[in-house]
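Visitor: Could you take me through one part of this structure slowly? I'm in my first year, so plain words would help.

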Amino acid sequence: MSELLQLLVSGLSKGCVFGLIALGFVLIYKATEMLNFAQGELMMMGAFVAFTFVNLAAMPFLAGFAVTLVVALAFGMALERGVLRPMIGEPPFAVLMLTIGLGFVLRTVAVNIWGTDPRTLDVPYAGEVLVVREVVFGYDNLIVIGATAFLCGGLWLFFRRSRLGVAMQAASQNQLAAYYSGVPVKRVASLVWGISAAISAAAGMLLAPISLIDQNMGFIGIKAFAAAIVGGFGSLPGAIVGGLLIGVSEEFALRYLWPGFGEVTAFVILLVMLFVRPQGIFASLQKKKV
Amino acid sequence: MTEPEPLLTLRNIETYYGPIMAIRGVSLEVRERSIVTILGANGAGKTTVLKTICGAMDPQKGSVTFRGEDITGRDPDRVARLHLGHVPEGREVFPFLTAEENLAVGAFTRRRANLNEDLALVYGYFPALAEHRKLPAGFLSGGQQQMLAIGRALMLRPQLMLLDEPSLGLAPRLVAEIAEIVVRLNREQGMAILLVEQNARMALDVAHYGYVMEVGRIVMEDTCERLKNAPDIQEFYLGMKDQGVRGRRRWKQRKTWR
Ligand SMILES: Nc1ncnc2c1ncn2[C@@H]1O[C@H](COP(=O)(O)OP(=O)(O)OP(=O)(O)O)[C@@H](O)[C@H]1O
Ligand SMILES: [Mg+2]
């Protein structure tokens, strides 16, 4: 029983990371109809930037995290403005290749700045545990779950309640009508990339204390992509739920099925989902008008 | 006393879809507090003219002047900021936002505005929207969606409103209702309106001045009183039989375009 609980918690925390990256994918897709295959690399960059502020610059970790989020926001916005916006009107395939290329570039940049040795992020809660009735939970896992819940709540409030958030939804539902209503659609697209990069960076910072930081950690972006499809591509809650489903399944598969199976769990779930319910858990009824 | 400068002036506009020249040198004027209509069969280029005015399309040649300012080639959000509202063809609403949220987006540019006052104004014109304010716009009926689109443009407190075929696909009772709203907005709010219509009878009843477009050009312009009595207009735009045939052809074409 206690083992099940522990597995569940570590699976959920893994799933939160997948879910956050998936959220980034979906946000960009909904707003700009682009598939960003560099989402995992944005997470990796977030982890390295946080490492730089917290370990190298010896900032208190919360301050380091906050600065990292701001850097990621600015970086995402600049990326949209400088790299993606000139691609508007090009075939989706070309944009897809561009984002894959972007992933390569980011990995190369990371190797050149931070080297190829795996790094660890110094957080005060590393290795600390919480024991409840002889069940041991790692604080790192609990914090991932808590922070993800907090982030999702914040995003929900932003999109439901704020003037800008509602305008962003409008722009993704009907771009031309949003334009006619005076919503600066181009700047909104930049902002979406910024927010998406910041969410990915948050995922990287949360993951870093659990796993190691290296230039290849972004490859889990592929699993996050699977999570987004499982959740119903285009649905924000779906991205998180899909991530959690894959994270938990993977953790249990690693423990109870043969070890090699863990790595393919995400894709098995994806396949099953595509057969059983191709529209995903949260089918998005959205018919896009541009 | 000299004539005041028109609110909106188009001079020799030429607009292309890729290599296709859709607008072939159009000039027109909308004076303050007037209702002007553009008539024309499908494919004449009426929608393209409106898109060129609001900045969704850039003209290759010519200029657009609004309130004395050259707005040629400006992005649509910046044009909207000058209090130029645009109700596009085909009831473009935000389907997953509630009716009230749709209206709130319409007031996006007016940061310091009193949202409730503006909402009350819109609900005054469209009581049905007040009833369904919490409903996602996608669930509204066609007529209500059209009213929502007009209401959303009203939230800009426009000095000029571009209205693209507001009566399209609506039952006769709703067409009359929309026509009445157009007249009231013009009278009560002092709003200038540029109305594009295939329903020539309605447009000529409502508007003061009219332009007739054919394949990208303006072929006739006059006061609506005189247009109504022009033989060509009576034959091609007000003839009942003719209109029925055009209506059907129009839908066929629609399917192949999208
Ligand atoms: N997206 C497009 N790409 C290429 N050509 C287009 C496009 N949209 C319109 N056209 C062409 O431009 C011309 C003018 O079209 P426009 O939509 O302005 O006509 P309209 O007068 O508004 O017609 P309707 O009454 O059917 O709305 C037409 O010949 C049409 O075929
Ligand atoms: Mg049209």
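Which residues of α1(B) are buried?

Guide: Happy to, and keep in mind that what you see is a predicted model. The buried residues of α1(B) are Lys46(B), Thr47(B), Thr48(B), Val49(B), Leu50(B), Thr52(B), Ile53(B) and Cys54(B). That makes 8 of the 9 residues of this helix, so α1(B) is largely enclosed by the rest of the structure. Just after the helix comes Gly55(B), with a positive phi near 95 degrees.

Now pick out Thr47(B) from that list, since it has a partner. The magnesium ion, ligand 2, has two protein donors: OG1 of Thr47(B) and an OE atom of Glu89(B). These donors lie 1.8 to 2.5 Å from the ion. Thr47(B) belongs to helix α1 of chain B, residues 46–54, while Glu89(B) sits in the loop between β6 (84–87) and α3 (99–106), so the pair ties together parts of chain B that are 42 residues apart in sequence. Both Thr47(B) and Glu89(B) are buried. One caution: water is not among the atoms, so a metal site like this may look incomplete.

Stay with the loop that holds Glu89(B) for a moment. Pro95(B) is also in the loop between β6 and α3 of chain B. Unlike the buried Glu89(B), Pro95(B) is partly exposed, at 23% relative accessibility. Its C-alpha atom is 4.7 Å from that of Ala137(B), although the two residues are 42 apart along the chain.

Elsewhere in chain B, two backbone angles are worth a look. Asn12(B), in strand β1 (residues 8–17), has a positive phi near 50 degrees, and it isn't a glycine. With 51% relative accessibility, Asn12(B) counts as exposed. Val215(B) isn't a glycine either, yet its phi is positive at about 30 degrees. You'll find Val215(B) in the loop between β9 (209–214) and β10 (217–223) of chain B, and at 60% relative accessibility it counts as exposed.

Next, charges. Side chains of opposite charge can pair when their charged atoms come close. There are 19 salt bridges over all chains. In chain B, one of them joins Glu69(B) to Arg74(B), with the closest N and O atoms 3.0 Å apart. Glu69(B) is partly exposed at 34% relative accessibility, whereas Arg74(B), at 17%, counts as buried. Another links Glu29(B) and Arg31(B), where the closest N and O atoms are 3.5 Å apart. Here both ends are partly exposed: Glu29(B) has a relative accessible area of 34% and Arg31(B) has 31%.

Hop over to chain A for a salt bridge that spans a long stretch of sequence. Glu250(A) pairs with Lys14(A), and their closest N and O atoms are 3.0 Å apart. Glu250(A) is in helix α10 (residues 236–256) and Lys14(A) in helix α1 (residues 2–32) of chain A, so this pair ties together parts that are 236 residues apart in sequence. Glu250(A) is buried, with a relative accessible area of just 1%, while Lys14(A) is partly exposed at 24%. The pair also belongs to a network of salt bridges that links Lys14(A), Lys223(A), Glu250(A) and Glu251(A).

Some charges form a patch on the surface instead. Arg163(A), Arg187(A), Arg81(B), Arg111(B) and Arg112(B) make up a positive surface patch, with residues from chains A and B in it. One of them, Arg187(A), is in helix α8 (residues 185–207) of chain A and counts as exposed at 58% relative accessibility.

The surface has a nonpolar patch too. It is formed by Ile222(A), Val264(A), Phe267(A), Val268(A), Leu271(A), Val272(A), Phe275(A) and Val276(A), with about 750 Å² of accessible area together. Helix α11 (residues 265–276) of chain A gives the largest share, 6 residues. Val264(A) lies in the loop between α10 and α11 and is partly exposed at 38% relative accessibility.

To come back to where you started: α1(B) is largely enclosed by the rest of the structure, and its Thr47(B) is one of the protein donors of the magnesium ion.

Notes:
Residues are numbered from 1 along each chain as its sequence is written. Chains are lettered from A and ligands numbered from 1 in the order in which they are written. This is a predicted model: local features need pLDDT of at least 70, side-chain atom pairs count only at pLDDT 80 or more; totals for chains, interfaces and linings use all residues. Side-chain values use heavy atoms; hydrogens and water are left out. Donors are N, O and S atoms within 2.8 Å of the metal (3.2 Å for Na, K and Ca); water is not among the atoms, so sites may look incomplete. Helices (H or I, at least four residues) and strands (E, at least two) are DSSP runs, numbered from the N terminus. Buried means under 20% relative accessible area, exposed over 50%, partly exposed in between (1.4 Å probe, protein chains only). Patches are made of residues with over 30% relative accessible area and no salt bridge: like charges are joined within 9 Å, nonpolar side chains (Val, Leu, Ile, Met, Phe, Trp, Tyr) within 5 Å. Accessible areas come from the Shrake-Rupley method with a 1.4 Å probe; for residues, only the protein chains shown count as cover. A salt bridge is a side-chain nitrogen of Lys or Arg within 4 Å of a carboxyl oxygen of Asp or Glu. Lys and Arg count as positive and Asp and Glu as negative; His and the chain ends are not counted. The place of a charge is taken as NZ of Lys, CZ of Arg, CG of Asp or CD of Glu.
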